[in-house]
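I opened this entry to keep track of what I looked up in the structure, going from contacts between chains to pockets and then to the record.

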Number of protein chains: 2
Amino acid sequence: MADPDSVRRRPGGRSARVRSAVLQATLDQLFAVGYERLSVRKVAAAAGVAPTTVYRRWGSRPELVLAALTELSAVTILAPDTGSVRGDLRVLAGEIAGALSQPPVTALMRSMITLPDDVAGEYRRSFWADRTSRTAVIVERGIARGELPATTDPTAVLELLIAPIWFRLLISSTPIDDLALDRWVQAALAASDG
Amino acid sequence: MADPDSVRRRPGGRSARVRSAVLQATLDQLFAVGYERLSVRKVAAAAGVAPTTVYRRWGSRPELVLAALTELSAVTILAPDTGSVRGDLRVLAGEIAGALSQPPVTALMRSMITLPDDVAGEYRRSFWADRTSRTAVIVERGIARGELPATTDPTAVLELLIAPIWFRLLISSTPIDDLALDRWVQAALAASDG
(Lines give C-alpha, C1' and ligand atoms only; values in the text may rest on other atoms or scores of the structure.)
Protein backbone atom coordinates (compact mmCIF):
# COMPACT_ATOMS: atom_id res chain seq x y z
CA MET A 1 0.00 0.00 0.00
CA ALA A 2 1.40 3.42 -0.97
CA ASP A 3 1.93 5.78 1.95
CA PRO A 4 -0.62 8.59 2.12
CA ASP A 5 1.92 11.35 1.59
CA SER A 6 3.23 9.98 -1.71
CA VAL A 7 -0.35 9.57 -2.94
CA ARG A 8 -1.29 13.09 -1.89
CA ARG A 9 1.79 14.58 -3.55
CA ARG A 10 2.10 12.50 -6.71
CA PRO A 11 2.76 14.62 -9.84
CA GLY A 12 -0.40 15.34 -11.76
CA GLY A 13 -2.65 14.63 -8.75
CA ARG A 14 -5.11 17.13 -7.36
CA SER A 15 -2.54 18.28 -4.82
CA ALA A 16 -0.02 19.10 -7.56
CA ARG A 17 -2.67 20.98 -9.53
CA VAL A 18 -3.65 23.04 -6.47
CA ARG A 19 0.01 23.78 -5.75
CA SER A 20 0.68 24.89 -9.30
CA ALA A 21 -2.49 27.06 -9.49
CA VAL A 22 -1.81 28.75 -6.13
CA LEU A 23 1.85 29.49 -6.88
CA GLN A 24 0.98 30.86 -10.33
CA ALA A 25 -1.76 33.07 -8.83
CA THR A 26 0.76 34.28 -6.24
CA LEU A 27 3.26 35.28 -8.95
CA ASP A 28 0.51 37.03 -10.93
CA GLN A 29 -0.51 39.04 -7.85
CA LEU A 30 3.10 39.79 -6.93
CA PHE A 31 3.90 41.30 -10.29
CA ALA A 32 0.54 43.10 -10.45
CA VAL A 33 0.42 44.72 -7.00
CA GLY A 34 3.77 43.94 -5.27
CA TYR A 35 4.49 42.14 -2.04
CA GLU A 36 3.06 44.71 0.35
CA ARG A 37 -0.40 44.60 -1.20
CA LEU A 38 -0.56 40.88 -2.01
CA SER A 39 -3.74 39.35 -0.59
CA VAL A 40 -3.81 35.65 0.27
CA ARG A 41 -7.60 35.75 -0.10
CA LYS A 42 -7.33 37.05 -3.68
CA VAL A 43 -4.63 34.49 -4.51
CA ALA A 44 -6.92 31.71 -3.25
CA ALA A 45 -9.87 33.05 -5.25
CA ALA A 46 -7.77 33.26 -8.45
CA ALA A 47 -6.55 29.69 -7.91
CA GLY A 48 -10.10 28.42 -7.22
CA VAL A 49 -9.36 27.17 -3.69
CA ALA A 50 -10.41 28.18 -0.18
CA PRO A 51 -8.08 30.60 1.69
CA THR A 52 -7.77 27.94 4.43
CA THR A 53 -6.20 25.59 1.86
CA VAL A 54 -3.50 28.18 1.21
CA TYR A 55 -2.88 28.91 4.89
CA ARG A 56 -2.81 25.18 5.79
CA ARG A 57 -0.27 24.36 3.12
CA TRP A 58 2.02 27.41 3.09
CA GLY A 59 1.51 29.07 6.47
CA SER A 60 1.42 32.81 5.90
CA ARG A 61 2.25 35.39 3.23
CA PRO A 62 6.08 35.34 3.30
CA GLU A 63 6.19 31.53 3.05
CA LEU A 64 3.73 31.56 0.17
CA VAL A 65 5.68 34.24 -1.69
CA LEU A 66 9.03 32.54 -1.16
CA ALA A 67 7.56 29.24 -2.40
CA ALA A 68 6.30 31.00 -5.53
CA LEU A 69 9.68 32.67 -6.11
CA THR A 70 11.48 29.34 -5.63
CA GLU A 71 9.20 27.82 -8.26
CA LEU A 72 9.76 30.75 -10.63
CA SER A 73 13.54 30.64 -10.33
CA ALA A 74 13.48 26.85 -10.82
CA VAL A 75 11.90 27.24 -14.26
CA THR A 76 13.64 30.48 -15.35
CA ILE A 77 17.22 29.93 -14.13
CA LEU A 78 18.59 26.59 -15.33
CA ALA A 79 22.11 25.20 -15.11
CA PRO A 80 23.77 25.90 -18.49
CA ASP A 81 25.96 23.22 -20.11
CA THR A 82 28.60 24.90 -22.32
CA GLY A 83 31.30 22.26 -21.91
CA SER A 84 33.47 24.12 -19.35
CA VAL A 85 32.89 25.19 -15.77
CA ARG A 86 34.11 28.69 -16.59
CA GLY A 87 31.67 28.96 -19.50
CA ASP A 88 28.79 27.59 -17.43
CA LEU A 89 29.42 30.00 -14.53
CA ARG A 90 29.66 32.93 -16.93
CA VAL A 91 26.33 32.10 -18.61
CA LEU A 92 24.65 31.55 -15.23
CA ALA A 93 25.97 34.88 -13.91
CA GLY A 94 24.64 36.70 -16.99
CA GLU A 95 21.23 35.06 -16.65
CA ILE A 96 20.90 35.90 -12.96
CA ALA A 97 22.04 39.51 -13.51
CA GLY A 98 19.55 39.85 -16.38
CA ALA A 99 16.64 38.38 -14.40
CA LEU A 100 17.32 40.40 -11.23
CA SER A 101 17.78 43.70 -13.01
CA GLN A 102 14.22 43.72 -14.41
CA PRO A 103 12.68 46.59 -12.39
CA PRO A 104 9.64 44.60 -11.09
CA VAL A 105 11.93 41.76 -9.98
CA THR A 106 14.34 44.17 -8.28
CA ALA A 107 11.42 45.83 -6.47
CA LEU A 108 10.08 42.44 -5.36
CA MET A 109 13.48 41.33 -4.08
CA ARG A 110 13.79 44.58 -2.11
CA SER A 111 10.48 43.93 -0.36
CA MET A 112 11.41 40.33 0.45
CA ILE A 113 14.70 41.47 2.01
CA THR A 114 12.83 43.80 4.33
CA LEU A 115 11.31 40.87 6.20
CA PRO A 116 13.26 40.14 9.39
CA ASP A 117 14.91 36.76 9.92
CA ASP A 118 12.41 35.59 12.52
CA VAL A 119 9.70 35.78 9.84
CA ALA A 120 11.59 34.79 6.71
CA GLY A 121 15.01 33.41 7.69
CA GLU A 122 14.03 29.76 7.36
CA TYR A 123 12.42 30.36 3.96
CA ARG A 124 15.39 32.31 2.69
CA ARG A 125 17.70 29.45 3.66
CA SER A 126 15.46 26.94 1.92
CA PHE A 127 15.22 29.15 -1.19
CA TRP A 128 19.03 29.29 -1.43
CA ALA A 129 19.44 25.58 -0.74
CA ASP A 130 17.06 24.94 -3.64
CA ARG A 131 18.88 27.37 -5.97
CA THR A 132 22.24 25.84 -5.06
CA SER A 133 21.10 22.26 -5.52
CA ARG A 134 19.78 23.08 -9.00
CA THR A 135 23.07 24.61 -10.17
CA ALA A 136 25.58 22.47 -8.22
CA VAL A 137 25.82 20.22 -11.29
CA ILE A 138 27.95 22.94 -12.95
CA VAL A 139 30.64 22.44 -10.31
CA GLU A 140 30.18 18.65 -10.21
CA ARG A 141 30.75 18.41 -13.98
CA GLY A 142 33.83 20.66 -13.59
CA ILE A 143 35.21 18.22 -10.99
CA ALA A 144 34.41 15.23 -13.24
CA ARG A 145 36.25 16.91 -16.17
CA GLY A 146 39.28 17.58 -13.94
CA GLU A 147 38.83 21.39 -14.13
CA LEU A 148 38.35 21.73 -10.36
CA PRO A 149 39.80 19.90 -7.33
CA ALA A 150 37.62 16.99 -6.14
CA THR A 151 37.15 18.73 -2.80
CA THR A 152 35.50 21.82 -4.34
CA ASP A 153 32.34 22.86 -2.48
CA PRO A 154 29.63 23.81 -5.01
CA THR A 155 27.86 26.03 -2.48
CA ALA A 156 31.01 28.09 -1.85
CA VAL A 157 31.67 28.59 -5.58
CA LEU A 158 28.06 29.51 -6.43
CA GLU A 159 27.77 31.89 -3.47
CA LEU A 160 30.87 33.81 -4.59
CA LEU A 161 29.46 34.10 -8.08
CA ILE A 162 26.00 35.25 -7.00
CA ALA A 163 26.78 37.51 -4.02
CA PRO A 164 28.33 40.42 -6.01
CA ILE A 165 25.38 40.39 -8.44
CA TRP A 166 22.89 40.84 -5.61
CA PHE A 167 25.19 43.29 -3.87
CA ARG A 168 25.36 45.63 -6.87
CA LEU A 169 21.68 45.42 -7.78
CA LEU A 170 20.20 45.78 -4.29
CA ILE A 171 22.84 47.22 -2.00
CA SER A 172 25.33 49.44 -3.86
CA SER A 173 23.00 50.37 -6.78
CA THR A 174 25.81 49.95 -9.29
CA PRO A 175 25.23 48.68 -12.84
CA ILE A 176 26.81 45.34 -13.84
CA ASP A 177 28.94 45.05 -16.98
CA ASP A 178 30.58 42.09 -18.74
CA LEU A 179 33.98 42.87 -17.24
CA ALA A 180 32.56 42.60 -13.73
CA LEU A 181 30.85 39.28 -14.53
CA ASP A 182 34.14 37.89 -15.92
CA ARG A 183 35.96 38.98 -12.76
CA TRP A 184 33.40 37.32 -10.47
CA VAL A 185 33.65 34.03 -12.38
CA GLN A 186 37.43 34.22 -11.92
CA ALA A 187 37.07 34.85 -8.18
CA ALA A 188 34.49 32.07 -7.74
CA LEU A 189 36.82 29.58 -9.44
CA ALA A 190 39.73 30.77 -7.28
CA ALA A 191 37.75 29.91 -4.16
CA SER A 192 37.70 26.24 -5.19
CA ASP A 193 41.22 25.88 -3.81
CA GLY A 194 40.18 26.98 -0.32
CA MET B 1 39.65 86.41 0.57
CA ALA B 2 38.55 82.86 1.44
CA ASP B 3 35.65 81.58 -0.63
CA PRO B 4 32.38 81.45 1.30
CA ASP B 5 32.06 77.67 1.03
CA SER B 6 35.38 76.94 2.70
CA VAL B 7 34.49 79.36 5.51
CA ARG B 8 31.08 77.82 5.98
CA ARG B 9 32.51 74.28 6.07
CA ARG B 10 35.72 74.77 8.02
CA PRO B 11 36.19 72.12 10.77
CA GLY B 12 35.10 73.36 14.15
CA GLY B 13 32.91 76.11 12.68
CA ARG B 14 29.21 76.45 13.39
CA SER B 15 28.42 74.50 10.23
CA ALA B 16 30.54 71.55 11.36
CA ARG B 17 28.92 71.61 14.79
CA VAL B 18 25.43 71.61 13.26
CA ARG B 19 26.39 68.77 10.95
CA SER B 20 27.79 66.69 13.77
CA ALA B 21 24.79 67.32 16.07
CA VAL B 22 22.24 66.52 13.35
CA LEU B 23 23.96 63.31 12.26
CA GLN B 24 24.34 62.14 15.86
CA ALA B 25 20.66 62.89 16.56
CA THR B 26 19.76 60.95 13.40
CA LEU B 27 21.71 57.89 14.57
CA ASP B 28 20.14 58.12 18.04
CA GLN B 29 16.65 58.19 16.50
CA LEU B 30 17.46 55.41 14.05
CA PHE B 31 18.57 53.02 16.76
CA ALA B 32 15.71 54.06 19.05
CA VAL B 33 12.76 53.86 16.65
CA GLY B 34 14.07 52.52 13.31
CA TYR B 35 14.04 54.03 9.85
CA GLU B 36 10.29 53.82 9.23
CA ARG B 37 9.41 55.93 12.27
CA LEU B 38 12.32 58.37 12.14
CA SER B 39 11.05 61.95 12.28
CA VAL B 40 13.13 64.73 10.74
CA ARG B 41 11.34 67.18 13.02
CA LYS B 42 12.43 65.23 16.13
CA VAL B 43 15.98 64.94 14.83
CA ALA B 44 16.10 68.71 14.33
CA ALA B 45 14.73 69.34 17.84
CA ALA B 46 17.28 66.99 19.42
CA ALA B 47 20.10 68.72 17.51
CA GLY B 48 18.82 72.19 18.49
CA VAL B 49 18.23 73.38 14.91
CA ALA B 50 15.19 74.26 12.80
CA PRO B 51 13.74 71.45 10.62
CA THR B 52 14.32 73.70 7.57
CA THR B 53 18.07 73.62 8.33
CA VAL B 54 17.98 69.84 8.08
CA TYR B 55 15.90 69.80 4.89
CA ARG B 56 18.03 72.49 3.24
CA ARG B 57 21.27 70.68 3.93
CA TRP B 58 20.32 67.00 3.47
CA GLY B 59 17.18 67.02 1.36
CA SER B 60 14.84 64.38 2.74
CA ARG B 61 14.86 61.42 5.10
CA PRO B 62 16.81 58.84 3.05
CA GLU B 63 19.60 61.32 2.31
CA LEU B 64 19.84 62.30 5.96
CA VAL B 65 19.93 58.67 7.10
CA LEU B 66 22.53 57.66 4.52
CA ALA B 67 24.70 60.63 5.53
CA ALA B 68 24.46 59.54 9.17
CA LEU B 69 25.32 55.93 8.30
CA THR B 70 28.28 57.08 6.18
CA GLU B 71 29.53 59.06 9.17
CA LEU B 72 29.01 56.11 11.52
CA SER B 73 30.86 53.65 9.29
CA ALA B 74 33.69 56.15 8.83
CA VAL B 75 34.39 56.14 12.57
CA THR B 76 33.61 52.48 13.30
CA ILE B 77 35.16 50.69 10.31
CA LEU B 78 38.76 51.75 9.81
CA ALA B 79 41.41 50.32 7.48
CA PRO B 80 43.52 47.91 9.57
CA ASP B 81 47.32 47.82 9.13
CA THR B 82 48.62 44.33 9.97
CA GLY B 83 51.61 44.36 7.61
CA SER B 84 50.10 42.21 4.84
CA VAL B 85 47.21 42.74 2.43
CA ARG B 86 45.83 39.30 3.31
CA GLY B 87 45.91 40.12 7.02
CA ASP B 88 44.34 43.54 6.50
CA LEU B 89 41.49 42.15 4.36
CA ARG B 90 40.84 39.40 6.90
CA VAL B 91 40.59 41.87 9.81
CA LEU B 92 38.39 44.22 7.78
CA ALA B 93 36.05 41.34 6.79
CA GLY B 94 35.72 40.28 10.42
CA GLU B 95 34.95 43.83 11.53
CA ILE B 96 32.29 44.37 8.88
CA ALA B 97 30.66 41.01 9.60
CA GLY B 98 30.66 41.80 13.31
CA ALA B 99 29.17 45.28 12.85
CA LEU B 100 26.48 44.20 10.38
CA SER B 101 25.34 41.20 12.38
CA GLN B 102 24.26 43.32 15.37
CA PRO B 103 20.46 42.91 15.20
CA PRO B 104 19.62 46.67 15.22
CA VAL B 105 22.17 47.28 12.45
CA THR B 106 20.84 44.37 10.36
CA ALA B 107 17.28 45.68 10.78
CA LEU B 108 18.38 49.17 9.76
CA MET B 109 20.20 47.90 6.67
CA ARG B 110 17.08 45.93 5.67
CA SER B 111 14.98 49.07 5.78
CA MET B 112 17.53 51.07 3.78
CA ILE B 113 17.57 48.39 1.06
CA THR B 114 13.81 48.67 0.68
CA LEU B 115 14.12 52.16 -0.76
CA PRO B 116 13.96 52.07 -4.56
CA ASP B 117 16.87 53.36 -6.65
CA ASP B 118 15.07 56.52 -7.77
CA VAL B 119 14.95 57.60 -4.12
CA ALA B 120 18.21 56.23 -2.75
CA GLY B 121 20.38 55.05 -5.66
CA GLU B 122 22.59 58.12 -5.74
CA TYR B 123 23.10 58.05 -1.96
CA ARG B 124 23.91 54.34 -2.00
CA ARG B 125 26.56 54.93 -4.67
CA SER B 126 28.06 57.76 -2.68
CA PHE B 127 28.00 55.68 0.54
CA TRP B 128 29.96 52.90 -1.21
CA ALA B 129 32.36 55.32 -2.87
CA ASP B 130 33.12 56.71 0.60
CA ARG B 131 33.54 53.24 2.15
CA THR B 132 35.84 52.18 -0.70
CA SER B 133 37.98 55.31 -0.57
CA ARG B 134 38.53 54.83 3.16
CA THR B 135 39.75 51.24 2.78
CA ALA B 136 41.49 51.42 -0.63
CA VAL B 137 44.75 52.07 1.25
CA ILE B 138 44.81 48.35 2.14
CA VAL B 139 45.14 47.46 -1.54
CA GLU B 140 47.48 50.38 -2.27
CA ARG B 141 49.89 49.25 0.47
CA GLY B 142 49.68 45.69 -0.92
CA ILE B 143 50.72 47.02 -4.34
CA ALA B 144 53.55 49.07 -2.78
CA ARG B 145 54.84 45.96 -0.94
CA GLY B 146 54.73 43.94 -4.18
CA GLU B 147 51.99 41.60 -2.89
CA LEU B 148 49.54 42.60 -5.65
CA PRO B 149 49.98 43.57 -9.32
CA ALA B 150 50.28 47.32 -9.86
CA THR B 151 47.10 47.27 -11.97
CA THR B 152 44.93 45.93 -9.12
CA ASP B 153 41.67 47.86 -8.76
CA PRO B 154 40.95 48.48 -5.04
CA THR B 155 37.20 48.78 -5.69
CA ALA B 156 37.05 45.35 -7.34
CA VAL B 157 38.96 43.68 -4.50
CA LEU B 158 36.96 45.33 -1.72
CA GLU B 159 33.64 44.62 -3.44
CA LEU B 160 34.45 40.91 -3.67
CA LEU B 161 35.35 40.86 0.02
CA ILE B 162 32.25 42.70 1.16
CA ALA B 163 29.53 41.33 -1.13
CA PRO B 164 29.33 37.81 0.38
CA ILE B 165 29.12 39.29 3.90
CA TRP B 166 26.08 41.39 2.97
CA PHE B 167 24.66 38.52 0.92
CA ARG B 168 24.67 36.10 3.87
CA LEU B 169 23.44 38.58 6.46
CA LEU B 170 20.64 40.17 4.45
CA ILE B 171 19.78 37.90 1.55
CA SER B 172 20.46 34.24 2.30
CA SER B 173 20.16 34.52 6.13
CA THR B 174 23.16 32.27 6.65
CA PRO B 175 25.59 32.68 9.57
CA ILE B 176 29.21 33.63 8.78
CA ASP B 177 32.12 31.61 10.20
CA ASP B 178 35.90 32.08 10.08
CA LEU B 179 36.29 29.55 7.27
CA ALA B 180 33.95 31.57 5.06
CA LEU B 181 35.80 34.82 5.83
CA ASP B 182 39.13 33.16 4.93
CA ARG B 183 37.65 31.92 1.64
CA TRP B 184 36.33 35.37 0.71
CA VAL B 185 39.73 36.98 1.35
CA GLN B 186 41.26 34.34 -0.93
CA ALA B 187 38.71 35.05 -3.67
CA ALA B 188 39.10 38.84 -3.36
CA LEU B 189 42.88 38.51 -3.75
CA ALA B 190 42.43 36.20 -6.75
CA ALA B 191 40.39 38.89 -8.50
CA SER B 192 43.43 41.18 -8.50
CA ASP B 193 44.77 39.29 -11.54
CA GLY B 194 41.65 40.08 -13.59
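I began with a single ion pair between the chains: B:D117 makes a salt bridge with A:R110, and the closest N and O atoms are 3.3 Å apart. The model is a predicted one, and I read that distance as a computed value. Counting across the whole interface of chain A and chain B, I found 4 salt bridges by the rule.

I then looked up the extent of the interface. On the chain A side 31 residues are in contact with chain B, where 30 residues take part, and the two chains bury about 2,900 Å² between them, with 66% of that area on carbon and sulfur atoms. Within chain A, the residues that lose the most area to chain B are A:E159, A:F167 and A:I171, which together account for 22% of what that side buries.

Next I turned to pockets. The largest pocket has a volume of about 340 Å³, and of the 20 residues in its lining I noted A:S73, A:T76, A:I77, A:A99 and A:L100 as the closest to its centre. Two or more lining residues come from each of α5 (61-76), α6 (85-100), α7 (103-114), α8 (117-144) and α9 (154-172) of chain A. By residue class, I recorded 15 nonpolar, 4 polar and 1 charged in this lining.

Last, I checked the record: an unreviewed UniProt entry lists residues 39-58 of chain A as "DNA-binding region". In the model that span is 80% helix and 0% strand, and its end C-alpha atoms lie 14 Å apart.

Notes: Residues are numbered from 1 along each chain as its sequence is written. Chains are lettered from A and ligands numbered from 1 in the order in which they are written. This is a predicted model: local features need pLDDT of at least 70, side-chain atom pairs count only at pLDDT 80 or more; totals for chains, interfaces and linings use all residues. Side-chain values use heavy atoms; hydrogens and water are left out. On a 1 Å grid over the protein atoms alone, a cavity is a set of points where a 1.4 Å probe fits but cannot get out, and a pocket is an open set with protein on both sides within 12 Å along at least five of seven lines; lining residues have an atom within 4 Å of a point. Grid points are joined across faces, edges and corners, and a volume is the space filled by probe spheres set on the points. Helices (H or I, at least four residues) and strands (E, at least two) are DSSP runs, numbered from the N terminus. Ala, Val, Leu, Ile, Met, Phe, Trp, Tyr, Cys and Pro count as nonpolar, Asp, Glu, Lys and Arg as charged, and the others, Gly among them, as polar. UniProt positions are given in the numbering used here, feature names are shortened, and annotations may be inferred rather than shown by experiment. Contact means heavy atoms within 4.5 Å. Buried area is the accessible area (1.4 Å probe) that two parts lose on being put together, summed over both. A salt bridge is a side-chain nitrogen of Lys or Arg within 4 Å of a carboxyl oxygen of Asp or Glu.
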